[in-house]
Amino acid sequence: KLSSREFHPDNTVVDVDGLKIGDGSFITMAGPCSIEGLDQIRETARMAKAGGASVLRGGAFKPRTSPYAFQGLEEEGLKYIRQAADEFDMKVITEVMDEAHIDMVAEYSDILQIGARNMQNYKLLSAVGQTGKPIGLKRGIAGTIDEWLNAAEYIAVSGKSDVIFIERGIRTYETATRNTFDLSAIPLIKKLSHFPIIADPSHGTGVWDLVTPMARASVAAGADGMIVEIHPDPANAWSDGQQSLNEKTYLRMMDEVNVLVKAM
Ligand code: PEP
Ligand code: MN
């Protein structure tokens, strides 16, 4: 298989318009769950950059459990996140949910995110694989390692795009956390595939004060980076506020993570 370590023994270093992911450094993607407006995404970009993040995250197309929940600002949001990222010299990662929107999202975003709910949307995987943009591939909500590797293979086989695996937790019997963060997936994916893997301790736990410990653990487990949700005012976030860090807790996390990165 094209995505297997057997086929390609050396690590693939993913080049995001000059930013290298998987080269032995630890990169951080940070931003709100949802883009809520220009002021909010600019303020969050400022926070993200102050902590050392190089990629700005934020959803403009949101896969919400309820059809009555906020669904995202769509193209307006894409314009805002691009503007905010450019202002702070950052790259953009944002989710594409629908084949019909791939060209639009690719116009504004440096990395295309495939959400957990679409890990096995094979037509979408094949289509994003033809863009040549790096694909951030979230693990499915109940995705096995083998299913996740096969999803990456759909991307790898269909064209020019590289994959960045994103471990975001899986559903188990446990309800104290939103998902069960599978730390072992990090060394396991690194063993089985040459593509980089980053951690998403925000969706992985769903609880803001568990995010920093799991971020630290991800460094120790050998992740190539992380994606975290931050917000200027988590209590009033339009989505996922309960798992979002504010400026103070985010900056503290980054200090702790950097100590471990240096020690690795
Ligand atoms: C997100 O990144 O905000 C998101 C919806 O993630 P997931 O697809 O992992 O649930
Ligand atoms: Mn979210």
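Which helices and strands do the buried residues of helix 6 pack against? Keep that in mind as you tour this predicted model.

**Whole protein**

Show everything as a cartoon. The protein has nine helices and ten strands. Its radius of gyration is 17 Å, close to the 18 Å that the globule rule gives for 264 residues, so the protein is as compact as a globular protein of that length. Along the principal axes, the C-alpha atoms fill a box of roughly 45 × 45 × 40 Å.

Now colour by burial. Of the 264 residues, 52% are buried. Turn on contacts next, keeping those with a separation of 6 or more. Residues 24 or more positions apart make 68% of them.

**Helix 6**

Select residues 185-192, which form helix 6. Pick out Ala 185, Ile 186, Ile 189 and Lys 190, which are buried. They sit on the same side of helix 6, because they cover an arc of only 130 degrees around the axis.

Then add the partners, and the opening question is settled. The buried residues of helix 6 pack against two helices, helix 5 (145-158) and helix 8 (208-221). They also pack against strand 8 (163-167) and strand 9 (197-199).

**Ligand 1**

Move to ligand 1 and show the residues around it. Start with Cys 33, Gly 59 and Pro 63. Continue to Gly 115, Ala 116 and Arg 117. Finish with Lys 138, Arg 168 and His 203.

Colour this shell by class. What is the mix of nonpolar, polar and charged residues around ligand 1? There are three of each: three nonpolar, three polar and three charged.

Definitions and conventions. Residues are numbered from 1 along each chain as its sequence is written. Chains are lettered from A and ligands numbered from 1 in the order in which they are written. This is a predicted model: local features need pLDDT of at least 70, side-chain atom pairs count only at pLDDT 80 or more; totals for chains, interfaces and linings use all residues. A residue is near a molecule or strand if its C-beta atom, placed from the backbone, lies within 6 Å of it. Ala, Val, Leu, Ile, Met, Phe, Trp, Tyr, Cys and Pro count as nonpolar, Asp, Glu, Lys and Arg as charged, and the others, Gly among them, as polar. A residue is buried if 20 or more other C-beta atoms lie within 10 Å of its own, exposed if 12 or fewer, and partly exposed in between; C-beta atoms are placed from the backbone. Helices (H or I, at least four residues) and strands (E, at least two) are DSSP runs, numbered from the N terminus. The arc is that of the directions from the helix axis to the C-beta atoms. Two residues are in contact if their C-beta atoms, placed from the backbone, lie within 7 Å. The radius of gyration is taken over C-alpha atoms; the globule rule is 2.2 Å times the number of residues to the power 0.38.
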